[in-house]
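Hi everyone, thanks for coming. I'd like to walk you through one model today, so please have a look at the screen while I talk.

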Amino acid sequence: MPKAVHEKLGLRILHVEDSDDHQLIMRSLLSKTGLSYHLTQCHHRDQVKTQLASNPPFDLVLLDYLLSDGTSESMLGWFTGVPVVMVTVMEDEQIDSKLMQKGAADFVCKSELTPNLLKRVIRHALDRQNILNQLIEESWHDSLTGLYNRRFALREINRLISERNRYGGDFSCAVMDMDELKLINDTYGHQVGDAALKHLALAMSSVQRDDDIAARFGGDEFLVVFPKTNPDEAQKCLLRLTEFLNERPIHVGDKDVFLSVSCGLVASTGEPALELLEKADQLLYRAKGEGRNRISSEAS
Ligand SMILES: Nc1nc2c(ncn2[C@@H]2O[C@H](COP(=O)(O)OP(=O)(O)OP(=O)(O)O)[C@@H](O)[C@H]2O)c(=O)[nH]1
C-alpha cells in the first residue's frame, strides 16, 4: 500500500512565527510528533519570500496569524497547492471561518497544541490537500476523453496571452471539429460516436509535443494550443494528426471507419482569448465549407 504523504520521509515544513519563544515551542512540539520532517522557520514576510523563491516547494505551512507587522491573512495566497495551518494565540470563530474560506486548511490555538494534536492537524491538512488536488485535477479534465476541458484551455490561453504581451513569444492555436460525427452517431449509434471522440483524443495525445495543450472544448469541438510555436510548425503537428487518423480507423464490427477533422489555425497577436478563438472558428468554418478534412490558416 502506498505511504500517505505524512508518512513519507522528510516532510518540508515552513513555520512563520515572529516570536523566538514560540518558534522554540513549535520546534519542541514537532520533535515529539514522531514525524520525519525538515523545518524552516521564518520571522517575517521578507524571509518567507526569500524561502519561496529559493527553495523547493514546502509540503505544509504553519502560519502564525498575528505577526509583528499585522495579520498574516494576505500571505494565505502565497502558498498555492500547499496546506496552510493558521496558528493563533486565542480562538475566534469569526476569524477562523473567514480564514478557512480564504483557503486555510485549519486554525489551531497555540495554548492547546500538544504533539498529538499537532500531528493530527498536520495529517488532516495533508490529506485534505490531497483530496483538493485530485478534485482540482478532475475539474480541469473532460470525463469522456481524459483531455483537458474548456475551462483549463481558456486559463492556459489567457496565461500565454499575458506572457506574450509582457515578454513576447509566439504561440498558435487550432480549433478543430470532428467531421460528420452526427452521421457516425446516426449510422452506428452513440457509443460508436463516443468511441470516435476518444479515438480522436488518443490521436491528439499521440502526436502532440510535451508543451502542447490538447483539450476538448465541448461536443465534437477540440482545441490544441501550441506554446512557443509559429503557425508553420503548428501545421506540421496537425498534419501528423491527420496522418494518424488516415492510418488508423476505428473498427465497428468488420468495418473500418475512418475519422477526419477540420481545423482553423491561428497565431496569437496579443488579442483577448475570445477574439483569438473567434478568428480560429471562422477559419474552421471555411475548412468545413471547402469540403472538410483540412486545415485552414490565415496564410492558406
Ligand atoms: N456520441 C457523441 N456524440 C456527440 C457528443 N457531443 C456531441 N455529439 C454529437 O455530435 C454531432 C455534431 O453534429 P454537427 O455539429 O452537425 O457536426 P457533424 O455531424 O460532425 O458535421 P460537420 O461538423 O459539419 O462535419 C451532434 O449530432 C451531437 O449530438 C458526445 O459526447 N458523444
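The protein chain here falls into two domains, domain 1 covering 5-139 and domain 2 covering 150-297. This is a predicted model, so please hear everything I say in that light. How far apart are the C-alpha centres of domain 1 and domain 2? The distance between them is 43 Å.

Let's start with the sheet that contains S1. Five strands make up an open sheet here, and reading across you get S2-S1-S3-S6-S7, with parallel pairing. Strand S2, residues 37-42, and strand S7, residues 106-109, each have a single partner strand, so one side of each is left without a neighbour in the sheet. From one strand to the next, the twist averages 20°.

If you'd like to zoom in on one pairing, take strand S1, residues 11-16, and strand S3, residues 60-64: they run parallel and are joined by 4 bridges. Leu14 is a handy place to look, as its bridge partner in S3 is Val61. Now bring helix H1 into view, residues 20-31. H1 lies across S1, S2, S3 and strand S6 (84-88), and it runs at about 170° to S2.

On to the other sheet. This one is also open and has 5 strands, in the order S9-S10-S8-S13-S14, but here the pairing is mixed. The edges are taken by strand S9 (213-218) and strand S14 (295-297), each of which pairs on one side only. The twist averages 20° from one strand to the next.

Which way do strand S8 and strand S13 pair, and over how many bridges? Strand S8, residues 171-178, and strand S13, residues 261-267, are antiparallel, with 7 bridges between them. For a marker, find Ser172, whose bridge partner in S13 is Ala267. Packed on this sheet is H8, which touches S8, S10, S13 and S14, and the direction of H8 makes about 170° with that of S13.

Keep H8 in view, please, while we turn to empty space. The count of cavities of 30 Å³ or more comes to 1, and the largest cavity holds about 80 Å³ of space. Where does its lining come from? Helix H7 (190-207), strand S10 (221-227) and helix H8 (231-247) are the elements that give two or more residues to it. H8 gives the most, with 3 residues.

If you want to pick out the lining yourselves, the residues include Met176, Met204, Val207, Phe226, Cys237, Leu238 and Leu241. Gln208 and Asp212 are in the lining of the largest cavity too. By class, that lining divides into 9 nonpolar residues, 1 polar and 1 charged.

That's my tour, and I'm happy to rotate the view for anyone who'd like another look.

Technical notes. Residues are numbered from 1 along each chain as its sequence is written. This is a predicted model: local features need pLDDT of at least 70, side-chain atom pairs count only at pLDDT 80 or more; totals for chains, interfaces and linings use all residues. Side-chain values use heavy atoms; hydrogens and water are left out. Two strands pair if DSSP finds at least two bridges between them. Axes are lines fitted to C-alpha atoms, for helices over the stretch in contact, and angles run from 0 to 180 degrees between N-to-C directions. Contact means heavy atoms within 4.5 Å. Domain bounds come from an automatic or database domain assignment. On a 1 Å grid over the protein atoms alone, a cavity is a set of points where a 1.4 Å probe fits but cannot get out, and a pocket is an open set with protein on both sides within 12 Å along at least five of seven lines; lining residues have an atom within 4 Å of a point. Grid points are joined across faces, edges and corners, and a volume is the space filled by probe spheres set on the points. Ala, Val, Leu, Ile, Met, Phe, Trp, Tyr, Cys and Pro count as nonpolar, Asp, Glu, Lys and Arg as charged, and the others, Gly among them, as polar.
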